[in-house]
Amino acid sequence: MKPWKGLLRLVTYKPALYVADAGLSILGWLLFLIPAYVSQNFFNRLSSDTSNTSILWGLITFFLFGHIIRILVFLLNRYVDVTFTQLVAALLRKNMLVQYFKRPAGNSLNTLRGEAINRFRDDVENTSMFLGFTTFLDVLGAFFFATTALIIMFTTDVALTICVFIPLVIVIIITQISRKKIQAYQTLSRGKTGKVNGFIGEIFSVVQAVQVAGAEGSVSGEFKRLNKQRMDIAVKENLFGTILNSTYSNIVNLGTGVILLLAALRIDKTGFSAGDFAMFTYYLTWVTQMMLRFGNVVASYQRVGVSIRRINEGNDDPKDVFAHASLFQDQQEEKPQESNTIKPLEVLELSALTYYYPNSTNGVRDVSLRIQQGSLTVITGKVGSGKTTLLKTILGSLKMDSGDIYWNHQKVESPDTFFIPPRTAYVSQNPVIFNESVRGNILLGEVDLEQHLQDTLRTAQLEADMQLFDEQDDFSAGVKGARLSGGQRQRVSIARADIRHCEILFLDSISSALDHETESLLWSDLLKKKGTHTLIVVSHQSYLMEKADLVVVMEQGAVAEVGTFEELQNNKVIMEMLLLESGSEGQQAKKEDIQGEELHAK
């Protein structure tokens with residue numbers, strides 16, 4: 001999208017407000033004509049030897065009145081301008097957030113978190129502020145003022161006024177030459193800042209891991225390196241901008257000096273009076289400043305082009321980010337009702353499901369399965385065989401390259417929007433925990449689910465933990481659940497999925513951080529849901545396979561074997577692999593338990 005198209009869509013979001021903003025900006029600039037008029041007539045009256053002082057006092061009164069009006073217009077202009085720029089900034093941020101959530105979860109945010117923050121904060125602010133009082137509207141108002149002033153100057157002295165345009169031509173030429181350099185520095189600066197912000201976020205989320213590894217020095221060194229890169233590009237960008245501004249200023253000031261010298265030489269020789277000189281001097285200062293503002297706004301437009309490109313990055317249709325929408329939602333608005341065309345699950349079918357990671361041959365290929373309602377399906381296989389990838393592809397977190405998914409023989413067109421509560425819930429092997437209370441992490445704002453909380457806590461084996469948490473009024477899980485153990489994070493994630501009573505539960509290696517007793521109790525309660533709920537589980541545990549209606553063995557991204565556990569026992573190669581992986585999982589769980597104990601000890 002061309003930058004001007006995006007800016008135009010923002011202007012038309014609140015056209016009346018923007019017209020008012022522009023009108024006030026122009027009016028504020030046009031009021032600068034009053035001092036010039038007063039100066040011209042004041043000095044002409046002084047030099048005419050008139051004894052009528054009432055005209056002089058009238059001019060002074062007119063000057064003061066114009067100054068007061070200009071202050072009031074300025075204050076009103078600022079109020080309108082801030083309202084408009086903040087509204088369009090909020091619109092951009094809302095639309096960006098909507099677009100992120102519309103993408104498949106696997107690639108909803110394919111940049112560093114710090115980079116995303118930069119886009120939401122700096123790039124949006126850069127774009128919205130460009131339209132406002134301090135940038136574009138400032139030049140627009142200055143243009144109207146300068147045009148009027150030039151007309152008056154032309155009527156006073158044509159030849160002298162033509163000389164005013166020479167600095168403007170030079171400024172335009174320099175701006176065009178430096179355009180690509182401005183864009184390059186802006187792009188590099190935003191990228192380096194995003195990396196620093198992202199690294200800061202990562203440091204705070206893995207403090208314990210850094211301490212355990214004794215890597216404080218290395219982390220600090222990497223942080224210094226990233227900051228050095230950001231500093232270098234920031235210095236270059238600021239230096240280049242300063243050189244440009246200095247160049248503009250010197251050109252304008254030198255041009256102004258030459259023009260004023262020529263004007264002084266013309267007094268009383270061509271009917272050029274002292275009042276004309278005072279008026280010409282006043283106008284010339286502002287007209288030449290308009291040239292300087294013009295150069296700066298063109299440079300700002302190049303930076304806005306970079307910001308708009310970054311805002312739109314990853315969107316299929318860039319216009320969506322600039323689409324007009326309501327900023328506020330009525331809290332009493334009812335949730336949309338689920339479509340009655342989709343019946344409760346009877347059978348879930350996968351047909352030749354295929355997904356490959358970008359620029360890679362890894363993924364899943366030609367997976368075809370038939371899963372009955374109320375069944376337990378265990379997906380197993382070696383590490384890296386595609387188990388988690390298969391779940392994410394079914395759920396639409398990863399957008400399939402080919403294949404089809406059918407719900408009761410009806411094709412699912414958009415898995416990422418279809419497989420959500422109350423149809424499905426997903427518990428990943430790396431739970432996402434927010435810096436919120438445990439209760440808040442489970443409910444996620446759904447107050448209607450509060451009545452089911454106790455049953456869910458019982459199923460997730462969190463009742464005893466909640467008693468401890470509730471004793472601390474200010475208790476929160478911490479950033480990424482840093483104040484919870486690995487097992488607690490997994491059980492909070494399980495509770496979050498269970499409380500929504502979905503038809504299918506996707507559970508991905510959910511018990512790796514649990515002790516044997518808690519794991520047994522957890523699975524005992526979860527397996528009670530079999531029959532009323534469909535369970536699709538990634539696991540190597542043999543006791544789960546024995547209870548499964550279907551065991552799917554993955555190997556190198558494809559289905560190597562499908563059947564019941566009894567049927568798979570006849571395949572010695574498969575059984576040896578399963579037993580080996582089951583043992584590895586147990587060792588990994590013990591290793592994580594030991595690490596957890598060491599962290600708590602510290």
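User: Leaving aside neighbours within four places in sequence, which residues is Asn312 in contact with?
Analyst: Quick background: this is a predicted model, where local features need pLDDT of at least 70, side-chain atom pairs count only at pLDDT 80 or more, and totals for chains, interfaces and linings use all residues. Residues are numbered from 1 along each chain as its sequence is written, while side-chain values use heavy atoms and leave out hydrogens and water. Contact means heavy atoms within 4.5 Å. With that cut-off, the partners of Asn312 are Met1, Pro318, Val321 and Phe322.

User: Is Asn312 buried or exposed?
Analyst: Asn312 belongs to helix H11 (residues 274-312); helices (H or I, at least four residues) and strands (E, at least two) are DSSP runs, numbered from the N terminus. Buried means under 20% relative accessible area, exposed over 50%, and partly exposed in between (1.4 Å probe, protein chains only). Asn312 has a relative accessible area of 8%, so the word for Asn312 is buried.

User: And what is the relative accessible area of Thr518?
Analyst: You'll find Thr518 in helix H18 (residues 516-526). Not counting residues up to four places away in sequence, Thr518 touches Gln461 and Arg491. Thr518 is buried, because its relative accessible area is 17%.

User: Around helix H1, how many degrees does the arc of the buried residues cover?
Analyst: Helix H1 spans residues 3-11, and its buried residues are Pro3, Gly6, Leu7, Leu10 and Val11. An α-helix has 3.6 residues a turn, so residues three or four places apart point the same way. The arc is that of the directions from the helix axis to the C-beta atoms. These buried residues sit on the same side of H1, because their arc is only 145 degrees.

User: How many residues apart in sequence are the parts that Arg439 and Glu450 tie together?
Analyst: Arg439 and Glu450 form a salt bridge, with their closest N and O atoms 2.9 Å apart; the term means a side-chain nitrogen of Lys or Arg within 4 Å of a carboxyl oxygen of Asp or Glu. Arg439 lies in helix H14 (residues 438-443) and Glu450 in the loop between H14 and helix H15 (453-459), so the parts they tie together are apart in sequence by 11 residues.

User: Which residue joins Arg458 and Glu463 in one salt-bridge network?
Analyst: Arg458 and Glu463 form a salt bridge, their closest N and O atoms being 3.6 Å apart. Both are partly exposed, with Arg458 at 40% relative accessibility and Glu463 at 32%. Salt bridges that share partners link these two into one network with Asp455.

User: How many salt bridges does the structure hold?
Analyst: Here's another one: the side chains of Lys411 and Asp404 meet at 3.0 Å, N to O. Lys411 is partly exposed at 40%, and Asp404 is partly exposed too, at 21%. For the structure, the salt bridges number 13.

User: What are the edge strands of the six-stranded open sheet?
Analyst: The order is S6-S7-S8-S3-S9-S10, with mixed pairing. Two strands pair if DSSP finds at least two bridges between them. The edge strands each pair on one side only, and they are S6 (424-427) and S10 (558-563).

User: In strand S8, what is the bridge partner of Leu376?
Analyst: Strands of a sheet pair through backbone hydrogen bonds, either parallel or antiparallel. Strand S3 (residues 376-381) and strand S8 (residues 534-538) run parallel, joined by four bridges. On the S8 side, the partner of Leu376 is Leu535.
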